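Please look through the sequence and the structure below before reading on. The paragraphs that follow go from a part of the surface to the chain as a whole, and then to the interior.

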Amino acid sequence: MYRRGILKLTGEVFSNSQRLQNIAKELKYCVKNKFQLVIVVGGGNFFRGRDAKFNNQLIIDRAGMLGTVINGILLEYILRPTAIHLSALNLEGMIESYQVEKALKYLKDNKIVIVSGGSGLPYFSTDTASALRALELNADVILKATNVDGIYSADPKISPNAKLLKTISYEQAIKQNLKVIDQQAFALLKDHPIPIVVFNVFKENNLKKILKGEKIGSLVC
């Protein structure tokens, strides 16, 4: 169904080793089926800016970006030899630096490309980094891996009447301020509306099902 995708992987995946191993098996399935995958890793298991107790966005974002690097190191190790880790931060001698041409070459060599460090700049989230990588690498789809089944009309943890929205438009998502991706990411994608699939990565085989064309989670298109 898709040829090349950006997977925004929540940092929560890294808080449980068994779940991480299960997800790794599904990621390897992508390689076996010639699906070109770029993983933008989150760092929420180490540090969440919205939960920080101090008011300095620069420091908060730097800490968050380093958290994604640690996750990228772990994920590359688990996925060896099928993955390569590139960082948007300059960490010479430890991790290769991210470059568009380099990422494209690895994808053509049938490698999973893990990208850490967000966009490499503070004040931009990993959602925005995912949108940026999708545009740079000409992705067919953005796969947002979360801990819920998709996009709801309200917070399902608070509202028992919240409805799962199977398909919505970019305009609806922006107008209703649905928590799909942040507004900066939407602004980047506005003129190049790449489909976004929001799904529960903790449900076994969900990623496989999406790649097979099954309707899992919510589709923003």
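In this predicted model, Phe46, Ile70 and Leu74 together make a nonpolar patch of about 270 Å² on the surface. Phenylalanine 46 belongs to the loop between E2 and H2, and with a relative accessibility of 44% this phenylalanine counts as partly exposed.

As for the chain as a whole, its secondary structure consists of seven helices and 11 strands. The radius of gyration is 16 Å, close to the 17 Å that the globule rule gives for 221 residues, and the chain is therefore as compact as a globular protein of that length. Along the principal axes, the C-alpha atoms fill a box of roughly 50 × 45 × 40 Å. Of the 221 residues, 48% are buried, while the area that the chain exposes comes to about 11400 Å², with carbon and sulfur atoms supplying 52% of it. Among contacts with a separation of 6 or more, 72% are between residues 24 or more positions apart.

Helix H2 offers two examples of residues that are covered by the rest of the chain. Glycine 72 lies in this helix and is buried, its relative accessible area being 0%; apart from neighbours within four places in sequence, glycine 72 is in contact with Val41, His85 and Ile114. Isoleucine 60 is also placed in helix H2, and this isoleucine is buried with a relative accessible area of 5%. Although isoleucine 60 and proline 122 are 62 residues apart in sequence, their C-alpha atoms are 8.5 Å apart in space.

The loop between H2 and strand E3 deserves a careful look at its backbone. Proline 81 lies in this loop, and the peptide bond that joins arginine 80 to proline 81 is cis, with omega at about 0°. Threonine 82 is found in the loop between H2 and E3 as well, and the side chain of threonine 82 reaches the backbone oxygen of leucine 79 at 2.5 Å. Beyond its neighbours within four places in sequence, threonine 82 is in contact with Lys28, Val31, Asn110, Lys111 and Ile112.

Backbone angles single out some other loop residues. Lysine 34, in the loop between helix H1 and E2, has a positive phi near 60° although the residue is not a glycine, and at 61% relative accessibility this lysine counts as exposed. Tyrosine 123, in the loop between E5 and H4, likewise has a positive phi, near 75°, in a residue other than glycine.

How many of the 11 residues of helix H4 are buried? Eight of them are, so the helix, which spans residues 126–136, is largely enclosed by the rest of the structure. The buried residues are Thr126, Asp127, Thr128, Ala129, Ser130, Ala131, Arg133 and Ala134, and what covers them includes strands E1, E2, E5 and E6 together with helices H2 and H6. At the start of H4, a side-chain oxygen of serine 125 comes to within 3.2 Å of the backbone nitrogen of aspartate 127, and after the helix comes asparagine 138, with a positive phi near 55°.

Side chains of opposite charge can pair when their charged atoms come close. The structure holds seven salt bridges, and one of them is formed by lysine 8 and aspartate 127, whose closest N and O atoms are 3.2 Å apart. Because lysine 8 lies in strand E1 and aspartate 127 in helix H4, this pair ties together parts that are 119 residues apart in sequence. Lysine 8 is buried, at 10% relative accessible area, and aspartate 127 is buried too, at 11%; a network of salt bridges links Lys8, Asp127 and Lys144.

Within helix H4, glutamate 136 and arginine 133 are three residues apart, about one turn of the helix, and their side chains meet in a salt bridge at 2.9 Å, N to O. Arginine 133 counts as buried at 3% relative accessibility, whereas glutamate 136 counts as partly exposed at 30%.

A further salt bridge, with an N to O distance of 3.2 Å, is made by the side chains of aspartate 149 and lysine 203. Aspartate 149 lies in the loop between E6 and strand E7 and lysine 203 in the loop between strand E10 and helix H7, so the pair ties together parts that are 54 residues apart in sequence. Aspartate 149 is partly exposed, at 26%, and lysine 203 counts as partly exposed at 42%.

How values were computed
Residues are numbered from 1 along each chain as its sequence is written. This is a predicted model: local features need pLDDT of at least 70, side-chain atom pairs count only at pLDDT 80 or more; totals for chains, interfaces and linings use all residues. Side-chain values use heavy atoms; hydrogens and water are left out. Buried means under 20% relative accessible area, exposed over 50%, partly exposed in between (1.4 Å probe, protein chains only). Helices (H or I, at least four residues) and strands (E, at least two) are DSSP runs, numbered from the N terminus. Contact means heavy atoms within 4.5 Å. A polar contact is a pair of N or O atoms within 3.5 Å; within protein, one must be able to donate a hydrogen and the other to accept it, and residues adjacent in sequence count only if both atoms are side-chain atoms. Patches are made of residues with over 30% relative accessible area and no salt bridge: like charges are joined within 9 Å, nonpolar side chains (Val, Leu, Ile, Met, Phe, Trp, Tyr) within 5 Å. Accessible areas come from the Shrake-Rupley method with a 1.4 Å probe; for residues, only the protein chains shown count as cover. A salt bridge is a side-chain nitrogen of Lys or Arg within 4 Å of a carboxyl oxygen of Asp or Glu. The radius of gyration is taken over C-alpha atoms; the globule rule is 2.2 Å times the number of residues to the power 0.38.
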